[in-house]
Amino acid sequence: MSSLSSFSDGTRAVHAGLPLPEVGEPFLPGPVFAAPYHLDPVTGPGANGYARTEHPTRQALESAIGALEGGPTLVFSSGQAAITALLLAVARTGDTVAIPSDGYFTVRAFADGFLRDLGVRSVAVPTAGPYPDFTGVRLVLLETPANPGLDVCDIRALSAAAHAAGALVAVDNTTATPLGQNPLALGADLVVASGTKALTGHSDVLLGYVSATDPTLLARVETWRKQTGAVPGAFDAWLAHRSIATLDLRLARQTANAAAVAELLLSRSDVTGVRWPGLPSDPSYPIASSQMRRIPGVVSFDLGSAERVGRFLAAAELVFAATSFGGVHTTADRRAQWGDDTPPGFVRFSCGIEDTADLLADLTQALSA
């Protein structure tokens with residue numbers, strides 16, 4: 001990790017997690033398809049014993065993500081597997097956790113269901129505030145920018161307030177990616193994210209991860225993973241590692257597209273509620289512009305009704321109707337259909353890497369239709 005720290009984001013993404021050059025060997029070794037490994041007949045396992053607990057392809061991916069996030073990393077079979085592992089490894093009966101009221105809805109459902117049944121109380125807090133006194137809270141979970149509303153919070157300030165109250169801080173870095181911001185460097189104890197989204201970016205991998213600089217804290221999460229088995233397969237881990245190499249390039253086009261899309265949407269009287277943290281007029285802009293190195297390619301807006309969203313998506317040629325975000329293809333979905341507390345016409349629009357002029361032309365004709 002330290003050998004890459006002096007390089008820029010694009011260089012770090014290309015080289016993260018690669019082995020030292022060796023004549024006759026590939027840059028990125030192919031996936032290892034093995035569950036058990038040879039043991040020493042006397043001393044037992046060497047570097048690898050059993051794939052649920054150790055796996056070379058998975059460990060290479062963890063090294064890559066860790067180099068970008070700035071701390072040792074564990075990967076999981078999905079983002080939800082990662083965030084539930086974090087919550088269950090850290091929280092105990094009688095604890096209180098603070099979670100985003102406007103973040104990923106499945107996390108709130110998990111807190112209101114399984115965590116509550118285990119005797120863990122949850123408090124929902126808006127990403128943009130107001131924030132409660134964190135005294136008595138075990139863990140403060142932030143999601144910034146929040147999905148899907150795109151509010152942003154000051155990681156450094158909230159981490160300081162939480163730590164003063166004796167709470168741990170975890171930041172969901174899915175929307176921003178580690179090239180957008182590094183929460184561990186801003187004071188967070190843990191980072192959690194779905195690698196399914198922009199990190200891998202090709203809509204072909206389910207992946208999650210947890211990063212932390214405290215080895216004791218990360219060991220608790222690793223023990224949970226070992227004992228529950230929520231690990232990604234070898235090929236998924238290899239695909240993810242391969243895809244990270246283009247992260248900087250993909251994000252650059254997605255951000256440029258989002259800036260153009262947001263300006264176009266603002267110019268139309270038939271669109272309301274346009275949000276993108278890169279807009280100087282956006283409520284999130286002051287914090288986002290100082291805290292983030294790159295603004296993600298996700299824009300949100302309101303078309304007024306579910307029926308109008310349906311007509312817009314049917315008319316678009318380049319905008320796929322799909323959930324998830326951060327992929328190379330532009331996608332959009334109406335969030336109320338999934339359980340988000342949003343108006344019926346609220347749209348999450350994820351810019352892909354299409355040519356900007358083509359995307360704007362298609363967006364214009366689809367809205368007009």
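Which residues do ring pairs link into a cluster? I would like to start there, because the answer leads into one half of what I want to show, and I should say at once that everything here comes from a predicted model, so please hear each value as computed from that model. The residues are Phe-301, Phe-312 and Phe-349, which ring pairs link into a cluster, and a search of the whole structure finds five aromatic pairs. One of these pairs is formed by Phe-235 and Trp-238, which are stacked, with 5.9 Å from centre to centre and 15° between the planes. Both of these residues belong to helix 7, residues 234-244, and they sit three residues apart, about one turn of the helix. Phe-235 has a relative accessibility of 41%, so it counts as partly exposed.

Let me go back to the cluster and to the sheet. There is an open sheet of five strands, in the order 8-9-12-11-10, and its pairing is mixed. At the edges are strand 8, residues 272-275, and strand 10, residues 320-321, each of which pairs on one side only. Helix 10, residues 306-315, packs on this sheet and touches strand 9, strand 10, strand 11 and strand 12, while its direction makes about 160° with that of strand 11.

Within the sheet, I would draw your attention to strand 12. Strand 9, residues 298-302, and strand 12, residues 346-350, run antiparallel and are joined by five bridges; along this pairing Phe-301 stands opposite Val-347, and Val-298 stands opposite Ser-350. Strand 11 also pairs with strand 12 in the antiparallel sense, here over four bridges, and Ala-332 has Phe-349 as its bridge partner in strand 12.

How many of the five residues of strand 12 are buried? The answer is five, and the strand is mostly covered. Phe-346, Arg-348 and Ser-350 point one way from the strand, whereas Val-347 and Phe-349 point the other way, and all are buried, so for those of you who think about side chains, please note that an arginine and a serine are in that list as well.

Two residues in this region deserve a closer look. Phe-346, in strand 12, has a relative accessible area of 11% and is therefore buried, the cut-off being under 20%. Leaving aside its neighbours within four places in sequence, Phe-346 is in contact with Pro-148, Gly-149, Ser-300, Phe-301, Asp-302, Asp-333, Arg-334 and Arg-335. Ser-300, for its part, lies in strand 9 and counts as buried because its relative accessibility is 0%. With residues up to four places away in sequence not counted, Ser-300 touches Phe-346 and Val-347, and its other contacts include Pro-148, Gly-149, Leu-150 and Gly-273.

Now to the nonpolar cores. The largest has 31 residues, and those with the most contacts inside it are Phe-76, Leu-115, Leu-139, Leu-190 and Val-210. Helix 3, residues 79-90, gives the most to this core, with nine residues. A second, separate core of 30 residues includes Ala-262, Leu-279, Ala-332 and Val-347. As a sense of distance, the C-alpha atoms of Phe-346 and Val-210 are separated by 30 Å, and these two residues are 136 residues apart along the chain.

Three residues of the largest core can be followed further. Leu-115 touches Leu-87, Leu-88, Val-97, Phe-110 and Val-120, again without counting residues up to four places away in sequence. Phe-76 has Arg-225 lying over the face of its ring, at 5.9 Å from the ring centre. Leu-139 has Leu-168 as its bridge partner in strand 5, and this belongs to a parallel pairing in which five bridges join strand 4, residues 139-143, to strand 5.

Why is strand 5, residues 168-172, largely enclosed by the rest of the structure? It is because five of its five residues are buried. Both faces are covered, with Leu-168, Ala-170 and Asp-172 on one side and Val-169 and Val-171 on the other.

I will finish with Thr-96, which is placed in strand 2, residues 96-100. Thr-96 counts as buried because its relative accessibility is 10%, and, with residues up to four places away in sequence left out, it touches Arg-121, Val-123, Gly-136, Val-137, Arg-138 and Leu-139.

Methods. Residues are numbered from 1 along each chain as its sequence is written. This is a predicted model: local features need pLDDT of at least 70, side-chain atom pairs count only at pLDDT 80 or more; totals for chains, interfaces and linings use all residues. Side-chain values use heavy atoms; hydrogens and water are left out. A nonpolar core is a set of buried Ala, Val, Leu, Ile, Met, Phe, Trp, Tyr and Cys residues joined through side-chain atoms within 4.5 Å. Buried means under 20% relative accessible area, exposed over 50%, partly exposed in between (1.4 Å probe, protein chains only). Helices (H or I, at least four residues) and strands (E, at least two) are DSSP runs, numbered from the N terminus. Contact means heavy atoms within 4.5 Å. Two strands pair if DSSP finds at least two bridges between them. Axes are lines fitted to C-alpha atoms, for helices over the stretch in contact, and angles run from 0 to 180 degrees between N-to-C directions. Rings of Phe, Tyr and Trp (its six-membered ring) pair if their centres lie within 6.5 Å; planes under 30 degrees apart count as stacked, over 60 as edge-to-face and the rest as tilted. A charge sits over a ring if NZ of Lys or CZ of Arg is within 6 Å of the ring centre and within 35 degrees of the ring normal.
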